[in-house]
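I opened this entry to note what I looked up, residue by residue and then for the whole chain. The structure comes first.

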Amino acid sequence: MESLSKEECRQLREKHVGSEANDLAIRLARKVTKRFDLAVLNNAYHGQTFVLNELRPKDRRDNKEDIPHVHMIPSPDVYRGKYRNCDYTEEELAEKYAGEVEETFKRAHEQGRDIAGFLIESIQCVGGQLVPPKGFLTKAYNITKKYGALFIADEVQSGFGRIGEHWWAFQIDGEGVTPDIVTMGKPMGNGHPVAGLVTTQEIGGALSEGRAYFTTFGGNPVSCAIGLAVMDAIEKEKLMEHATTLGAYFKGRLQDLQKKQPIIGDIRGMGLMVGVDLVKDQTTREPATEEAKQIVNRLYEEKIIFSRDGEHENVLKFKPPMCITQEDIDYIINKFDMIFSEITSSWTN
C-alpha cells in the first residue's frame, strides 16, 4: 500500500475534524427528536464521513443513489436558482425559497418521515459561495421549529468572523435565528486540526443516555489553547473589521474588472468569503466550467492558489487568510485580468 506524505496526512486531518462535528450534530438531532430523517440544501457539503456523504447531492447523482431519509431543498441561489428568471425582489425570493423549505417538511410529514434536523450552511461554500436572500434564514429557522426539528448551522467554513460583519454567518438576518446546534471547524484552529459544536445543555445532555460518546482527541488541552488563541487574535488584531474592508475592496475591484472581462457573470459573498461565477455568456449565464479549470491551473502557475466550486464547478472561491493585504488583492486582480484575457482571446463577439 502506497504511504501518504506528511502534507497529505495533514490535509486529511483538516478535512475530517469538521466532519466529526457535523456527524455528532446529526447524532444529537436524531437522539433528541427520536427521528431519523434529515433535510439539507441542494449542492450542500457537510463533510466526508459515510453519514455526511449521503447528504451530498453531487455524490448521490454520480452514484445514482436514492436515499429516502435525506430530503433535498432547492438552494436559495439568486443567480442560478429555481427563480432566477423571475422578477422578484430579495424579500420575495426569501419568501419563495422559504416556501420550498415548508413544502419539503410538509411532504416528509405526510410520508410519515418527519425530519430530525435541518443541517444548513449559513453561506454555502462548496455550493458556490451562495449568500441567501435576506430573511431566508429566519423563515427557514421558524419553519424548522414549527415541524419539531433541530436547526443546525454549519459554520465550519463561514464562522469565526470571516464574513466580516458578524462572528457567525447565521447572524446575517439579525436576531431572528438562534440555532439549536452550531458546528465549527477549519478557522477554529488556524490550520491546527480542531473542531467542535455548541448547543444547549438539554440537547447536549442527550449524550448521557445510552452508550457514552467519546472521541480520541476530544478536549485535549493543546487544541483548546490553540482555539482560544485564535479567538484572541481575531479580536485583538481586528480581523473582522479587516475582512469587511478588504472584502469590499476585492468586490469593488472585481466589479470594475467585470466591465472589461465578459467571463465574469456574478460576484457574490460577504467579507473574505467571495465567489466569482464564470460564464461563457453574461446574458444566458452558461457556466464556463472548462475555462474555470484552465484559470485555476494558470493561477497556480502564477503562485496563486484558488479552487473552483459550485454545481457546475465554475465558481472561483476566494477564502484567503484573514491577514491578506490590499497589495495582495491588487496582485490577484492584475493576474485575473491577464489570465482571463488569455482564456477568452479565442471568443468571438
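**Threonine 104**

I started with threonine 104, which sits in helix α4, residues 90–110. The model is a predicted one, and I read every value below with that in mind.

Is threonine 104 buried or exposed? I found a relative accessible area of 3%. The cut-off for buried is under 20%, so threonine 104 counts as buried.

Next I asked which residues threonine 104 touches, leaving out those up to four places away in sequence. The list came back as His71, Met72, Ile73 and Ile115.

**Nonpolar cores**

I then looked up the largest nonpolar core, which holds 73 residues. Which members touch the most others? They are Phe118 and Phe336.

I followed up on phenylalanine 118. Setting aside residues up to four places away in sequence, its contacts include Ala39, Val40, Leu41, Ile73, Val101 and Phe105. Ala140, Thr144, Leu150, Phe151 and Ile152 are also touched by phenylalanine 118. Ile73 appears here, and I had already noted Ile73 as a contact of threonine 104.

A second core of 18 residues is separate, with Ala25, Ala44, Leu119 and Ile181 among its members. In soluble globular proteins, nonpolar side chains tend to be buried together.

**Serine 223**

I moved on to serine 223, in helix α7, which runs over residues 221–236. Its relative accessibility is 9%. Serine 223 therefore counts as buried.

What does serine 223 touch, not counting residues up to four places away in sequence? I noted His192, Pro193 and Val194.

I also checked a pair. Serine 223 and histidine 166 are separated by 57 residues in sequence. Their C-alpha atoms lie 24 Å apart in space.

**Whole chain**

I counted secondary structure last: the protein chain has 10 helices and 10 strands. The radius of gyration is 20 Å, close to the 20 Å the globule rule gives for 349 residues, so the chain is as compact as a globular protein of that length. Along the principal axes, the C-alpha trace spans about 65 × 50 × 50 Å.

How much of the chain is buried? Buried residues account for 49% of the 349. The exposed area is about 17,500 Å², and carbon and sulfur atoms supply 51% of it.

I took contacts between residues at least 6 apart in sequence; 71% of them join residues at least 24 apart.

My final lookup was charge. The chain carries 44 positive and 53 negative charges. The mean positions of the two sets are 3 Å apart.

Conventions: Residues numbered from 1 in each chain as written. Predicted model: local features only at pLDDT ≥ 70, side-chain atom pairs only at ≥ 80, totals over all residues. Heavy atoms only, no water. Helix = DSSP H or I, 4+ residues; strand = E, 2+ residues; numbered from the N terminus. Rg over C-alpha atoms; globule rule 2.2 N^0.38 Å. Buried < 20%, exposed > 50% of the residue type's maximum accessible area, 1.4 Å probe, protein only. Contact = heavy atoms within 4.5 Å. Areas by Shrake-Rupley, 256 points an atom, 1.4 Å probe, with all protein chains shown as cover. Lys, Arg positive; Asp, Glu negative; His and termini not counted. Charge placed at Lys NZ, Arg CZ, Asp CG, Glu CD. Core = buried A, V, L, I, M, F, W, Y, C linked by side-chain atoms within 4.5 Å.
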